Amino acid sequence: STSEQAMKKLSITYTAVMLVSAAALLAAAPAHAEFGIGINVGNLGFGVEARQSLSPSLDLRFGIAGLAYKSSFEVDNIDYDMEQSTFVPEVKLDWRPMQGTFRMTFGVGYYNQVSTLTLDPEPGESYTVGDTSYTSTQVGRLRGTTGYHVGTPYLGAGWDILPKNKNFVITLDAGAYYRNEPDVWLTSTGTVSASDLALEANNIEDDAWTVVPVLKIGMLFRF
């Protein structure tokens, strides 16, 4: 749709601006500015990051987070077995308005997520795929793939908790990524029509979240 295309263009523009800004800020950083290496865990998986101090109010972060797991995914009363892997490299700019432990974060990530969906129907059951009801024999095996490979803007806030040893910091982050709808492909080994497969794929796209909340807790070692 026109609105989706506009949001995609806005996301690409934001991504480009953030990357150019990050490069310029890093180049302008003081020669002996504070540097740190951290690890974290959150709903996007396990991550590592590097943090470069630019000024008392600004930090630049480069990180990677990822996770792979198995679960289930239900759409239109169809319960798929799901295998999902997520990998997100990211660049973030932290702004400390009071030059304290609280920070506001603006960033961008390249959101890579692939999910494999599988339905092995129970004998004797019926399933609605698209607009049509099919028997388990007619469905056969239903397989699908959903994928994101897109630059996504990030907005959030965070806190650095400083123990007595100030070279060690506990970090908390809360924010959200905005992503477009995923690309979805569905196939059937049975007799499900192409139009019903396309409609079911569209239903999966509509069911996906465009705003993804992000929560992380981590540790940072500063040098």
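Let me start with a term: a residue counts as buried under 20% relative accessible area, exposed over 50%, and partly exposed in between. By that cut-off F35 is partly exposed, because its relative accessible area is 32%. Keep in mind that this is a predicted model.

F35 sits in strand β1. It belongs to a nonpolar surface patch of about 820 Å², together with I37, I39, V48, I64, F87, M219, F221 and F223. Two elements, β1 (35-42) and β11 (211-222), each give two or more residues to that patch. The largest share comes from β1, with 3 residues.

Now the chain as a whole. It has 3 helices and 11 strands, and the order along the sequence is α-β-β-β-β-β-β-β-α-β-β-β-α-β. Of its 223 residues, 42% are buried. The exposed area is about 11900 Å², and carbon and sulfur atoms supply 62% of that. If you take the contacts with a separation of 6 or more, 66% are between residues 24 or more positions apart.

Next, the strand pairing. Strand β4, residues 78-95, runs antiparallel to β5, residues 102-119, and 13 bridges join the two. One of the pairings puts K92 opposite G107 in β5. The two strands form a hairpin with 6 residues between them, and in the turn Q99 has a positive phi of about 55°. On to β8, residues 142-161: 18 bridges join this strand to β5, again antiparallel. Here V114 has G147 in β8 as its bridge partner.

Last, the charges. Side chains of opposite charge can pair when their charged atoms come close. The count here is 14 salt bridges. What does the salt bridge between E34 and R222 tie together? The N to O distance in this pair is 3.4 Å. E34 lies in the loop between α1 (2-27) and β1, and R222 in strand β11, so the pair joins parts that are 188 residues apart in sequence. E34 counts as partly exposed at 37% relative accessibility, while R222 counts as buried at 19%.

A second pair is R61 with E49, at 3.3 Å, N to O. R61 is in strand β3 (residues 58-75) and E49 in strand β2 (residues 45-53), so this one ties together parts 12 residues apart. Both R61 and E49 are buried.

A third is D59 with R96, at 2.8 Å, N to O. It links D59 in strand β3 to R96 in the loop between β4 and β5, 37 residues apart. D59 and R96 are both buried.

These last two pairs belong to a network of salt bridges that links E49, R51, D59, R61, D94, R96, R103, D160 and D173.

Definitions and conventions
Residues numbered from 1 in each chain as written. Predicted model: local features only at pLDDT ≥ 70, side-chain atom pairs only at ≥ 80, totals over all residues. Heavy atoms only, no water. Patch = residues over 30% accessible without salt bridge, like charges linked within 9 Å, V, L, I, M, F, W, Y side chains within 5 Å. Areas by Shrake-Rupley, 256 points an atom, 1.4 Å probe, with all protein chains shown as cover. Salt bridge = Lys/Arg side-chain N within 4 Å of Asp/Glu carboxyl O. Helix = DSSP H or I, 4+ residues; strand = E, 2+ residues; numbered from the N terminus. Buried < 20%, exposed > 50% of the residue type's maximum accessible area, 1.4 Å probe, protein only. Pairing = 2+ DSSP bridges. Contact = heavy atoms within 4.5 Å.
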